[in-house]
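User: I'd like to learn how to read the features of a protein model step by step. Could you take me through one?

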Amino acid sequence: VSPVMYARLSGEPVFEWKPVAYEYMDVTYEFQIIRNLDEPEVVLGETGLEETEYTLKKDVGLEHAGEDDPYYWRVRAVDEAGNTGPWSDAGEFYYGSSWPGWLTWLLVGLGVVILGVVIYLLRWRIAYFFY
């Protein structure tokens, strides 16, 4: 259910799914984040989840993933007897920002330097407006 397909996630995203109702036994959920749908490579797996959501903690250490190498998430229900349901359709998502944080600071610093140079070069014209 959430996040939507092709979402770009960062921080501690919350994954949510619809509950499975089974009147005879309690149901828990198995959650996975995988790579490669054809031959799934499990990056993160959680079992015994009682809620219909999972919060991905920052310390899990997912690598940044873009459109060329996305992550997928899926979930399935497991009853008390150990019977498992089928995996849900895999939701595709990307993790991390689209560019590194150091690049943002580099651009901010460069902007400050350029502004300083412009003010220095035009200081006499700027002073003219105030006299």
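Analyst: Happy to; we will go through the sheet, a hairpin, the salt bridges and a pocket. Please keep in mind that this is a predicted model.

User: Let's begin with the sheet. In what order do the five strands of the open sheet come?

Analyst: A sheet is read by walking from strand to strand across it. Here the walk goes β1-β7-β6-β3-β4, and the pairing in this open sheet is mixed. At the edges sit β1 (7-9) and β4, each of which pairs on one side only. On average, neighbouring strands of this sheet are turned by 30 degrees against each other, direction ignored.

User: How many bridges join β3 to β4?

Analyst: Bridges tell you which strands pair and in which direction. Strand β3 (residues 27-35) and strand β4 (residues 41-49) run antiparallel and are joined by six bridges. Two partners help you find the register: F31 has E46 as its bridge partner in β4, and Q32 stands opposite G45.

User: Which residue takes a positive phi in the hairpin of β3 and β4?

Analyst: Backbone angles are worth a look wherever a chain turns. This hairpin has five residues between its strands, and the residue in question is N36. N36 has a phi of about 65 degrees although it is not a glycine. It lies in the loop between β3 and β4. With a relative accessibility of 38%, N36 counts as partly exposed, because that class covers values from 20% to 50%.

User: Now the charged contacts. How many salt bridges does the structure hold?

Analyst: The structure holds two. For each, I would check the distance, then the place of both partners in the chain, then their burial. In one of them, the side chains of E30 and R76 meet at 3.0 Å, N to O. Since E30 belongs to strand β3 and R76 to strand β6, this pair ties together parts that are 46 residues apart in sequence. E30 has a relative accessible area of 14% and is therefore buried, as the cut-off is under 20%.

User: And which side chain meets R35 in a salt bridge?

Analyst: That is D69, again with an N to O distance of 3.0 Å. This pair also links distant parts of the chain: R35 is in strand β3, while D69 is in the loop between β5 (53-55) and β6, 34 residues apart. Is each partner buried or partly exposed? R35 is buried at 13% relative accessible area, whereas D69 counts as partly exposed at 37%.

User: What about pockets? How much space lies in the largest pocket, and how many residues line it?

Analyst: For a pocket, I look at volume, then lining, then chemistry. The largest pocket holds about 320 Å³ of space. Its lining has 19 residues, and those nearest the centre are V1, W17, K18, V75 and S88. Strand β6 (residues 71-79) gives the largest share of that lining, with five residues. By class, 12 lining residues are nonpolar, three are polar and four are charged.

User: One last exercise, on distance along the chain and in space. How far apart are the C-alpha atoms of L49 and L106?

Analyst: They are separated by 43 Å, and the two residues are 57 residues apart along the chain. L49 lies in strand β4, which is an edge strand of the sheet. Even so, L49 is buried, with a relative accessible area of 15%.

Conventions
Residues are numbered from 1 along each chain as its sequence is written. This is a predicted model: local features need pLDDT of at least 70, side-chain atom pairs count only at pLDDT 80 or more; totals for chains, interfaces and linings use all residues. Side-chain values use heavy atoms; hydrogens and water are left out. Two strands pair if DSSP finds at least two bridges between them. Helices (H or I, at least four residues) and strands (E, at least two) are DSSP runs, numbered from the N terminus. On a 1 Å grid over the protein atoms alone, a cavity is a set of points where a 1.4 Å probe fits but cannot get out, and a pocket is an open set with protein on both sides within 12 Å along at least five of seven lines; lining residues have an atom within 4 Å of a point. Grid points are joined across faces, edges and corners, and a volume is the space filled by probe spheres set on the points. Ala, Val, Leu, Ile, Met, Phe, Trp, Tyr, Cys and Pro count as nonpolar, Asp, Glu, Lys and Arg as charged, and the others, Gly among them, as polar. Axes are lines fitted to C-alpha atoms, for helices over the stretch in contact, and angles run from 0 to 180 degrees between N-to-C directions. Buried means under 20% relative accessible area, exposed over 50%, partly exposed in between (1.4 Å probe, protein chains only). A salt bridge is a side-chain nitrogen of Lys or Arg within 4 Å of a carboxyl oxygen of Asp or Glu.
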